[in-house]
Amino acid sequence: MTDSSQQKQDQTRRTVLAVDNLQTRFMSRGPALKAVDGVSFSIGEGETVALVGESGCGKSVTAQSLLRLISPPGQIVGGHIYLEGDDLMTRSQSEIEDIRGNRAAMIFQEPLTALNPIMTVEKQLAEVLHRHHPQRRKEARAQVLDMLQKVGIPDPEGRLRAYPHQLSGGMRQRVMIAMALLSNPRLLIADEPTTALDVTIQAQILELMRNLCSQMGTALLLITHDLGVVAEMADRVIVMYAGRVVEEAPVRTLFAQPAHPYTRGLIQSTPNLATHQGQLVAIPGLVPTLADLGDVQGCKFAPRCSMATDKCRSEDPPLQTLGPDRAARCWYADEVMQTVSAQA
Amino acid sequence: MTAFILRRLLGTLPIVLIVGIITFFLVQLSPGDPAMFYVSADAPPQEIERVRTQLGLDQPVIQRFGFWLGEVLQGNLGISFHQNRPVLTGFLDALPVTLWLAFFSLVIALVVGIPVGLLSALRPNGLVDKFSTVFALIGMSMPNFWLGMLLVLLFAITLGVMPAQGYDPTSFWTGFRSLLLPAITLGYSQAALVARMTRSSMLEVMRQDYVQTARAKGLRTPVVLGKHAFGNALNPIVTVIGLAIGSLAAGSAVVEVVFNLPGIGRLVVDSVMRRDYPMIQGILLLTAGMIIVINLLTDLLYAIIDPRIRYD
Amino acid sequence: MNTRDFGINRLSVLLGTLALAGAAQAATCEGVYGGELSIAGPLSLVTLDHMAITSEPTAPRNAVYEQLVALDANLVPQPALATSWETSDDGLTWTFELREGVRFHNGQELVAEDVVASWERYSEVGARRFELEDIDRVEAIDDRTVAIHLSNPYGALLESISAMSGAWAIMPANIARELGTTRADRAEQVVGTGPYKVHTIVPEGRTTLRRFDDYTMHEGEASYNAGARCAYFDQVTYTHISDPSTRVAALLAGEIDLAIQVPGDEADRLINANHTQVVPTSPGARVYFKFNVAEGPFADYPLLRDAVRAGLDTEELMAGFGPSDYWRANNTPRFQEPQWPWIDQSHHFPQDMDLAQQLVDESGYQNEPIRFLVVPGGATGWEKAPAMDQYLRDLGLNVRMESLDGATFGSVRQNLSSWEIKGAGGGSLVGLRYLDASGVDRNGNPWPNLPDGWHDVLERALNTEGQEARAAAAEEFYELHAEFNNELWTGDVFFIVGANSNLRNIATDDSTASFWNIWREE
Ligand SMILES: Nc1ncnc2c1ncn2[C@@H]1O[C@H](COP(=O)(O)OP(=O)(O)OP(=O)(O)O)[C@@H](O)[C@H]1O
Ligand SMILES: [Mg+2]
């Protein structure tokens, strides 16, 4: 598939989620931490978008903000979140609760701790149906069984009365997925759904998610810092650094021709992707804490960037559109793209 | 599970026996002569000796122990010196008051402690939380009898709406009325403890991923807190309740004396004062047994609350 | 008031041999009948067996049971179930005439055989039968006449048979025999002739008495346990409230009518409330200290006892018992001074700290440790201990106070190597038996160095024929006792009865809180 044909396909998709200038802060004794600092992106029906970046860059906070799950001291201080055109920021708490787990669902990283240890699988699943579709109470069990079947749990009948600790990690994550998909959501947010699982199980789970989402036309926001997973799963990729989007591109384009030095660094530091280029390069410097970044003038990545110039250190670059579906936050995006091509 | 309960119950027998042996020697070797209470102040030594013989105190203590142990193993706790009737009868006469008192104070501890703890966990450092911190501090530092006397002064003497003392078992209602002030006295400090424990346990649980999951499912806040968070916060609370029952047993001695309730607590205090050896030994033995059973029940409760805990 | 009231002449205590049936004035019960009286006292009640001694209140038993004779407020035996008595010339046979028409609570009529059977039981279980060892046998001469045969003359017989606890109570012959040595704990076993009969006994809970309608009144004015008894209340309940503050609270809350033993420091609450009153009851309890005269410094240096006596400020010491209405100090506890109330006390040495100090120096005391035993409760109590402790320190004695609970105290004091001075208390009315006991330690051994003639004089005081001879013997005995100086009597505390203000006729001469003549004025 060429870039342009993919593009065409994207445009025909209906937009499920559109995020516009989202800002989430954590109030602390010092200056507020800008965990999410003006993030915008969108996801279409059936599309899988990966959100990547180093630990602490704001992926989870972004995800939680989307369902307004941020609680004090965190606070969403600006922006809009449109789910199929509805602005969630203007909804009441009760309306948001009607949407959560219904039109938009979420899966968390730790399958053991994310399931309630003292409730049976059946109760935790049926609860979603009871909450959002009380009129279908009677069929709840049948639906739960059906969904467990779909996520590939053997002997679903037998598992209904199991407690989470009686299931393996992979099974638990399947249960989580079943729980999230039960009410047929338009948007599924998966925050590092496979990080805690071993590699073979990881692949199965990802495969499962992709199949189910495409069957049901569910938009998938997949949060990960594993670029291998991104390459497998995503249609499009959003790269975050220090609470901001630094690059956005279709998956192939991104790997073939990253436009931001940070993205390039990420790719080079990932074994599976980097090995064919002969060397593994770590991004120099420590991942900065958000508090440190408050002091950084200019580009937030400049302190760690090998290409940084005086301009980078004094002026903060905007997110520049580099073409349809492409953008990067770098003064030298063109040069970056070229050097990568040259290397290739 | 049944096997576990049986094993535990069998395992408690030696403990009860050891408690019995220790209390026997503690009681019998402590200074003081029970015979003193059954002779006049100017009685000559022969008279005292006669009473000692009558009470069986002329035998060497080791021989008395052997006899007592033999009887206890046959389920016979002996005859109270003072009451002149089987220890068990005296104990069972006094037991209902103490059980009701413990029950009501536990209800107060839970009915007050849990909601206050929940509310303060909901808004840490909020108004309720600050108020409950003060409430807990007072509860844990004010001696039981002092609170009891204040309550009596206010509700019994000044307002005249509650009895100042005594237990009227005519009906459930009169019994409840007699026990309300004592139960508040006893339950208050426990309520404070339960509130603090509920608060910290809830705060801990509310940080857990599954609470986030529950919220992400769109569940209403009361369901998230009541079902998902509170259910998981229960274990430490149950521990505190188990401990509370133990301290209720201890605290009831003071409260029963202050409120003149004819329960086990007052009986044991009186029995110690008059050196009623069989009664003291019997009460301690039976109370130890009861506390051990309560501990067992607490452990079983853990398993009911948390399916991860299994006893087999 | 502390000194003036003190010299009440109670010499008669020792002299009441041939008391005559008092001028039999018909007792008039002019109070208001009806209602219920609720009493609370510090002791639990599980039995009303009058022959046994338990740590239990005596008033309910004295309301249920009666004896042949009864003590009045001067400790003089007065007619009770016996209306008159006489002694044979050899002093070995006492013959009692029984009152006519007396009925037991179960309807049976009192006959001489009941007295005999009661004696037989008493001689087996009676807690004070050691006083009556001289009784050979009791004989029913006819239905109305009983003879007591003694092996030796015993001048204090009437006092001993009128003891108010561990008493030779008269009960129906069949019940006495049926009970034998078992304690009468159940209501139906407790049958007497008194103005109230037992209705229910809930052990450690509540005992309920009801008026006995067929009660046969005794002649004479009500005085202590003797005289007329008018049972005004239909029902009397006795509850056990061990904590004194709770008793006061119950009285203030109107839950009880009468609280026995109100602590001095709580009396004001009752005085200030308008529906309650306090009634101090004399004679109360004697407050004294006992020196260990067998071992240790007080034995080795007798002058040290005099020293302690010389400098003591008894008023200050007694002030520990609360407002001065509730105690009186004995201002004559000085050495060489008679200390008994029925002896003339018109002159006494003033308190003299310098003299005391001088006596300490002269005594030869070498700063040996002095252990001072204290026990809570009543006259023996903690109330007087701190002041005494301080005083002994001021005197320069190397004193260490040890507080013990009652039962521990009871056994520690038996060991003469374990204390030097101890708090003591007892009834303020002192009978002959007590004098006897003051010469022996708790093991029944005579104190060493008793003055010559101690036992002789005591024997004469007990058994000599003729009032004057006995009085002279008693006087002689007190001289010896004062000389011996092994006890330090500092005063008396009165038992305070707290009561609802609507109660009338609460006996002020009875610390056991007898209730049979009380009525309620609506
Ligand atoms: N409850 C909180 N209170 C204060 N700061 C928070 C809180 N949660 C997150 N943060 C801060 O927000 C920033 C973003 O955190 P976030 O959890 O979104 O990172 P992430 O990209 O998901 O990292 P990871 O890959 O480790 O999951 C971090 O610097 C973190 O310290
Ligand atoms: Mg994260």
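**Exercise 1. Describe the annotated stretch of chain B: how much of residues 95-302 is helix and how much is strand?**

Step 1. In this predicted model, residues 95-302 of chain B are 84% helix and 0% strand.
Step 2. Now look at the two ends of the stretch: their C-alpha atoms lie 27 Å apart.
Step 3. Compare with the record: an unreviewed UniProt entry annotates residues 95-302 of chain B as "domain: ABC transmembrane type-1".

**Exercise 2. Find the largest nonpolar core and say which residues have the most contacts inside it.**

Step 1. Start with the count, which is 78 residues for the largest nonpolar core.
Step 2. Pick out the residues with the most contacts inside this core: A:Phe41, A:Leu66, A:Ile177, A:Leu187 and A:Ile189.
Step 3. Helix H7 of chain A, residues 169-181, gives the core its largest share, with 8 residues.
Step 4. Apart from this core there is another one of 70 residues, including C:Ile39, C:Leu45, C:Val102 and C:Leu258.

**Exercise 3. Zoom in on A:Phe41: which residues does A:Phe41 contact, leaving aside neighbours within four places in sequence?**

Step 1. Set those neighbours aside, then list the partners of A:Phe41: A:Leu17, A:Ala18, A:Val19, A:Thr62, A:Leu66, A:Leu221 and A:Ile238.
Step 2. Match this with Exercise 2: A:Leu66 is also among the residues with the most contacts inside the largest core.

**Exercise 4. Check the confidence: what is the mean pLDDT of chain C, and where does pLDDT stay under 50?**

Step 1. Chain C has a mean pLDDT of 83, with 86% of its residues at 70 or more.
Step 2. Residues 1-26 of chain C fall below 50, and this stretch has 62 contacts in the model beyond near neighbours in sequence.
Step 3. Residues 332-347 of chain C also stay under 50, with 57 contacts beyond four places in sequence.
Step 4. Finish with the scores for the model: ipTM 0.84 and pTM 0.80.

Note on methods
Residues numbered from 1 in each chain as written. Chains lettered and ligands numbered in written order. Predicted model: local features only at pLDDT ≥ 70, side-chain atom pairs only at ≥ 80, totals over all residues. Heavy atoms only, no water. Core = buried A, V, L, I, M, F, W, Y, C linked by side-chain atoms within 4.5 Å. Buried < 20%, exposed > 50% of the residue type's maximum accessible area, 1.4 Å probe, protein only. Helix = DSSP H or I, 4+ residues; strand = E, 2+ residues; numbered from the N terminus. Contact = heavy atoms within 4.5 Å. UniProt positions renumbered as here; feature names shortened; annotations may be inferred. pLDDT = per-residue confidence, 0-100.
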